[in-house]
Amino acid sequence: MTIFIPTPLRPFAAGKDAVEVGAPTVAQALEALTQTHPDLRKHLFTPDGKVRAFVNLYLNDEDVRYLLDKEATAVTAADTLSIIPSIAGGD
């Protein structure tokens with residue numbers, strides 16, 4: 001599957017905007033990503049291994065938080081996973 005890397009995290013993924021991984025679930029895809037690019041781990045996960053609250057994951061344009069199996073959702077080679085960091089701001 002293809003994991004799209006947002007601009008702020010690209011320096012931790014060798015400058016890549018997308019990475020191809022082979023994995024059966026969203027969680028295992030993220031694990032494969034962080035095995036290949038270990039500097040991403042601290043930006044994506046808390047010390048206890050949970051996806052950070054400000055990291056949004058979209059599997060084929062669907063928010064992973066609202067999928068029935070969340071990070072345990074099965075994926076295929078044709079799927080895409082987008083990492084979207086939350087951005088706060090305003091007045």
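The exercises below, each with a worked solution, concern a predicted model.

**Exercise 1. The sheet**

Determine the order of the strands in the open sheet and explain which strands stand at the edges.

Solution. Begin with the order of the five strands, which reads E2-E1-E5-E3-E4, and note that the pairing in this open sheet is mixed. Next, look at the two ends of that order: E2 and strand E4 (62–63) each have a single partner strand, so one side of each is left without a neighbour in the sheet. Then turn to the pairing of strand E1 (residues 2–4) with E5, where the two strands run parallel and are joined by three bridges. Within this pairing, Thr-2 has Thr-80 of E5 as its bridge partner.

**Exercise 2. Helix H1 and its two faces**

Work out how H1 is placed against the strands, which of its residues are buried, and which exposed residues are carried by the face turned away from them.

Solution. The first step is the placement: H1 lies across E1, E2, E3 and E5, and its direction makes an angle of about 70° with that of E5. The second step is to list the buried residues of the helix, which are Val-26, Ala-29, Leu-30, Leu-33 and Thr-34. Because these residues cover an arc of only 130° around the axis, they are on the same side of H1. The third step is to ask what lies over that side, and the cover includes E1, E2, H2, E3 and E5. Finally, the face turned away from the buried side carries the exposed residues Gln-35 and Thr-36.

**Exercise 3. The largest nonpolar core**

Identify the residues with the most contacts inside the largest nonpolar core, and establish which elements supply at least two of its residues.

Solution. The largest nonpolar core has 23 residues, and Leu-81 and Ile-83 are those with the most contacts inside it. At least two residues of this core are supplied by each of helix H1 (26–36), strand E3 (55–59) and strand E5 (80–85). The largest share, four residues, comes from H1. To see the surroundings of one central member, leave aside the neighbours of Ile-83 within four places in sequence; its contacts then include Ile-3, Phe-4 and Ile-5, Leu-30 and Leu-33, and Val-55, Asn-56 and Leu-57.

**Exercise 4. Two threonines in loops**

Decide whether Thr-25 and Thr-46 are buried, partly exposed or exposed, and describe the polar contact of each side chain.

Solution. Thr-25 lies in the loop between strand E2 (18–20) and H1, and with a relative accessibility of 16% it counts as buried, because the limit for that class is under 20%. A polar atom of the Thr-25 side chain lies 3.1 Å from the backbone nitrogen of Gln-28. Not counting residues up to four places away in sequence, Thr-25 touches Glu-71, Ala-72, Thr-73, Ala-74 and Val-75. Thr-46, by contrast, is in the loop between helix H2 (41–44) and E3, and its relative accessible area of 23% makes it partly exposed. The side chain of Thr-46 is joined to that of Asp-48 by a polar contact of 2.2 Å.

**Exercise 5. Positive phi between E3 and E4**

Find what phi is for Asn-60 and for Asp-61, and set each value beside the exposure of the residue.

Solution. Asn-60, in the loop between E3 and E4, has a positive phi near 50° although it is a residue other than glycine. Asp-61 lies in the loop between E3 and E4, and it too is not a glycine, with a positive phi of about 70°. As for exposure, Asn-60 is partly exposed at a relative accessible area of 34%, while Asp-61 is exposed at 73%.

Technical notes:
Residues numbered from 1 in each chain as written. Predicted model: local features only at pLDDT ≥ 70, side-chain atom pairs only at ≥ 80, totals over all residues. Heavy atoms only, no water. Core = buried A, V, L, I, M, F, W, Y, C linked by side-chain atoms within 4.5 Å. Buried < 20%, exposed > 50% of the residue type's maximum accessible area, 1.4 Å probe, protein only. Contact = heavy atoms within 4.5 Å. Polar contact = N/O pair within 3.5 Å; in protein donor to acceptor, adjacent residues only side chain to side chain. Pairing = 2+ DSSP bridges. Axes fitted to C-alpha atoms, helices over the stretch in contact; angles between N-to-C directions. Arc of directions from axis to C-beta.
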